[in-house]
Amino acid sequence: MLKEKDFVAFLTEAGRYDKTAEKCTVCGIILPSFSDYLLRGPAGALGTKYNVLSYSEQGLTVIPINNITGNMLPDESAFIPGEKITSMKTVPKLTYHRLYVGTSDGTAVFRLNKVLIGYGWHKRNLPSFIATVNGLEEPVHI
């Protein structure tokens, strides 16, 4: 089970942790496309990718999570500097929020579930993350 202290330690080691990221770290999911489900059937679900997303004034850090072990894959992490991010917004849905991250290279879309079992830090940080991304003063009500 991934603990908040694990990714905070990684971000600190990598020099990407600052106080503005304190409550702006959540778990984002990239779902397989509809065609993956059509072509591969139930095996299409294997294309689901879980990531830790940490947003600060420096930029956005994306740390993949191994689907089998639940451990972070720090060697495969990516960092998008703040100056490369052209747009970020969330769109609320019934059981999740959709996060759009726009850069000059394209747009990445993540699903931010309102609740993830075993990831209490995600539920605790989600209101602040959404408020920060959308430029709101107060955390949103989830």
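This is a short guided tour of the structure above, one selection at a time.

**Before you start**

The model is predicted, so local features need pLDDT of at least 70 and side-chain atom pairs count only at pLDDT 80 or more, while totals for chains, interfaces and linings use all residues. Residues are numbered from 1 along each chain as its sequence is written, and side-chain values use heavy atoms, with hydrogens and water left out.

**Stop 1: the whole chain**

Show the protein as a cartoon. You will find three helices and seven strands; helices (H or I, at least four residues) and strands (E, at least two) are DSSP runs, numbered from the N terminus. Followed from the N terminus, the order is α-β-α-β-β-β-β-β-β-α.

Now switch on the surface. The accessible surface is about 8,200 Å², and 56% of it belongs to carbon and sulfur atoms; such areas come from the Shrake-Rupley method with a 1.4 Å probe, and for residues only the protein chains shown count as cover. Of the 142 residues, 39% count as buried. Here buried means under 20% relative accessible area, exposed over 50%, and partly exposed in between (1.4 Å probe, protein chains only).

A contact means heavy atoms within 4.5 Å. Among contacts between residues at least 6 apart in sequence, 43% join residues at least 24 apart.

**Stop 2: helix H1**

Select residues 4-13, which make up helix H1, and colour Phe7, Phe10 and Leu11, which are buried there. Why do the buried residues line one face of the helix? Seen down the axis of H1, they fall within an arc of 95°, so they line one face; the arc is that of the directions from the helix axis to the C-beta atoms. On the face turned away from this buried side, look for the exposed residues Lys5 and Glu13.

What do the buried residues of H1 pack against? Add strand E1 (25-30), strand E2 (49-55), strand E3 (59-65) and helix H3 to your selection, and you have their partners. Before moving on, click on glycine 15, which follows H1 and has a positive phi, near 75°.

**Stop 3: the rings**

Next, show the aromatic side chains. A search of the whole structure finds two aromatic pairs. In one of them, tyrosine 119 and tryptophan 121 meet edge-to-face, 5.6 Å centre to centre with 80° between the planes. The rule is that rings of Phe, Tyr and Trp (its six-membered ring) pair if their centres lie within 6.5 Å; planes under 30 degrees apart count as stacked, over 60 as edge-to-face and the rest as tilted. Tyrosine 119 is buried at 15% relative accessible area, and tryptophan 121 is buried at 5%. Add Phe7, the residue you coloured in H1, and you can see a cluster of Phe7, Tyr119 and Trp121 linked by ring pairs.

Two more rings have a charge over them. The charged end of arginine 111 sits over the ring of tyrosine 96, 3.9 Å from its centre. Lysine 89 lies over the face of tyrosine 100, at 5.6 Å from the ring centre. To count, NZ of Lys or CZ of Arg must be within 6 Å of the ring centre and within 35 degrees of the ring normal.

**Stop 4: along helix H3**

Select residues 120-133, helix H3, and visit four of its residues in turn. The contacts listed here leave aside neighbours up to four places away in sequence.

- **Histidine 122** is buried, with a relative accessible area of 0%. Its contacts are Val26, Cys27, Asn113, Lys114 and Leu116.
- **Proline 127** is buried at 15% and touches Pro139, Val140 and Ile142. Isoleucine 142 is 15 residues away in sequence, and the two C-alpha atoms are 6.4 Å apart.
- **Serine 128** is buried at 17%. Look for Lys23, Cys24 and Pro139 in contact with serine 128.
- **Valine 133** is buried at 9% and is in contact with Tyr55, Met88, Lys89, Thr90 and Leu99. Lysine 89 is the residue that lies over the face of tyrosine 100.

**Stop 5: two cysteines**

Finish with two cysteines from those contact lists. Cysteine 24, a contact of serine 128, is buried at 3%. Cysteine 27, a contact of histidine 122, is buried at 1%. How many disulfides are there? With a disulfide defined as a pair of cysteine sulfur atoms within 2.5 Å, the count is zero.
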